[in-house]
Amino acid sequence: MKKKTPQNCGKCGLCLNVCPVYKVLKEEPASPRAKLQLIKAYENDTLSSSPLLKEIMSKCLMCGSCTTNCPSGIDHYSTFMEMRRKMVEDQGETPAIKSLTYLLAREYRLKFGAGLARTGQKFVPDLFARNYKLGNIPLKNFPTLNATPFRKAHDVIIHPDKKPVGKVVYFTGCATNYLYDDTGVATIGILKHMGYEILIPRDQTCCAIPLLFHGAADRASKNITTNINALKGHDVDAIIVDCSTCGEALTNEYPRFIEQQGQNPSEANAIAEKVMNILSFIDQQFDRLEFDPNITEKLSVTYHAPCHTKNNFNAHIIVERLIERLPFVDYKRAVDADECCGGGGTFFYEYPEVSKKMVDKKIENAKAVNASQWLTDCPVCRMNLAGNLDTDDPLKVLHPVTLIYSALKDI
Ligand code: SF4
Ligand code: SF4
């Protein structure tokens, strides 16, 4: 007997114009509304599982815009996640996605895979890197993986630069650990400057959102337990994340997952209460920042709001306010600053044509404001935006913390 998902869709269609996939494809099966109807039919046994049904369910960025904008309060996000799990159970997974979830499910595999990929990056012939694409991103535009994993390169406990004002735990996720260590360096630099002692638990791992999005709940279980064990019981002011998707995992998905397993979610709930995005943390204590007085010229900056920053935390408003408060910044908002870039975890790889249309429009609008720095607080958005710009493009994509850190006094 299939579990029935409660649904009260009035078919008003308000979710259509906020769905980035529907806006590109303009066909009903791509809409959140149609996905719900199909799920209902599948659960009522009037529609059989099929490769096509699985494909329709996977043609979604899991951006959460439908959930945020639905007047009937439908939780598409969790409904789609559960349906994806059922589709993998029924139909299996593609070899590429299967390999990805296998890698992400154990830290040692991830470390080995990242090391192998880094070595591969050194030896890929230039011609091949220029002409071969992974999804919509040319290989030559992929960021170089970290020479040393971020957590290995830094102490477990990092002391502040001044009189301590508090203590935080830093959850680095896998992107900062293996791909973008500049984000991690800037995050700890800012926290030290603010007066925080930082604890970086060694035995944390990928937050498991990619596994949950790809229906690999069984594989996600180990990651979730590992991270809860690494993060629980610390007497700290906050658990800092530099990525909203990690924040979403720790805040919403872990307690839900543990409860679904029939276990006590009290440890996951205690962690969830302390999770805070680094940018919100900085915004709350902005007065602790001292900027280099020698920076007199303003930088023109624009921002891309990642879907999870916007839809799961409504924090894009805080981030934009923070950017505007920076004394060395001239903030130039693009007309579509809070629209999806089409990265969506692996969406850029699975549906490159759809993703490309989204990212090209984002690039056009970002260029229209004549900014030199394009800030975004999600590693996949960063990879997707930068990956679709030429490597020598004057518009540079970076995490907001990198810009803030570079302007601090006495660094
Ligand atoms: S916005 Fe909500 S109620 Fe309206 S069609 Fe979409 S899912 Fe149904
Ligand atoms: S999660 Fe985003 S991409 Fe998926 S159906 Fe909803 S609005 Fe569309």
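Four exercises on a predicted model follow, each with a worked solution.

Residues are numbered from 1 along each chain as its sequence is written, and chains are lettered from A and ligands numbered from 1 in the order in which they are written. Local features need pLDDT of at least 70, side-chain atom pairs count only at pLDDT 80 or more, and totals for chains, interfaces and linings use all residues.

**Exercise 1. The two domains**

Find which residues and elements of domain 1 touch domain 2.

Solution.
- Start with the bounds, which come from an automatic or database domain assignment. Domain 1 spans 20-91 and domain 2 spans 290-406.
- Next, take the separation. The C-alpha centres of the two domains are 28 Å apart.
- Then count the contact (C-beta atoms, placed from the backbone, within 7 Å). Domain 1 gives 13 residues and domain 2 gives 15 residues.
- Now assign elements; helices (H or I, at least four residues) and strands (E, at least two) are DSSP runs, numbered from the N terminus. On the domain 1 side, α1 (20-25) and α4 (65-69) each give two or more residues. The largest share, 4 residues, is from α1.
- Finish with composition. This side of domain 1 has 7 nonpolar, 5 polar and 1 charged. Ala, Val, Leu, Ile, Met, Phe, Trp, Tyr, Cys and Pro count as nonpolar, Asp, Glu, Lys and Arg as charged, and the others, Gly among them, as polar.

**Exercise 2. The shell of ligand 1**

Which residues come nearest to ligand 1?

Solution.
- Collect the residues around the ligand (C-beta atom, placed from the backbone, within 6 Å). There are 14, and C9, C12, C15, R33 and C70 come nearest.
- Sort the shell by class: 9 nonpolar, 3 polar and 2 charged.

**Exercise 3. Partners of β4**

Which strands pair with β4 (residues 166-171)?

Solution.
- Apply the pairing rule: DSSP must find at least two bridges between two strands.
- Take β5 (residues 196-199). It runs parallel to β4, with 4 bridges. Here V169 stands opposite L199.
- Take β6 (residues 238-241). Its pairing with β4 is also parallel, over 4 bridges. F171 has V241 as bridge partner.

**Exercise 4. The four-stranded sheet**

Work out the strand order and place helix α18.

Solution.
- The open sheet runs β9-β8-β10-β11, with parallel pairing.
- Its edges are β9 (329-331) and β11 (396-398), each paired on one side only.
- The twist averages 35° from one strand to the next. Axes are lines fitted to C-alpha atoms, for helices over the stretch in contact, and angles run from 0 to 180 degrees between N-to-C directions.
- Inside, β8 (residues 299-303) pairs with β10 (residues 373-375) over 3 bridges. Y303 stands opposite L375.
- Helix α18 (residues 316-325) packs on the sheet and touches β8, β9 and β10. Its direction makes about 180° with that of β8.

Notes:
Contact = placed C-beta atoms within 7 Å.
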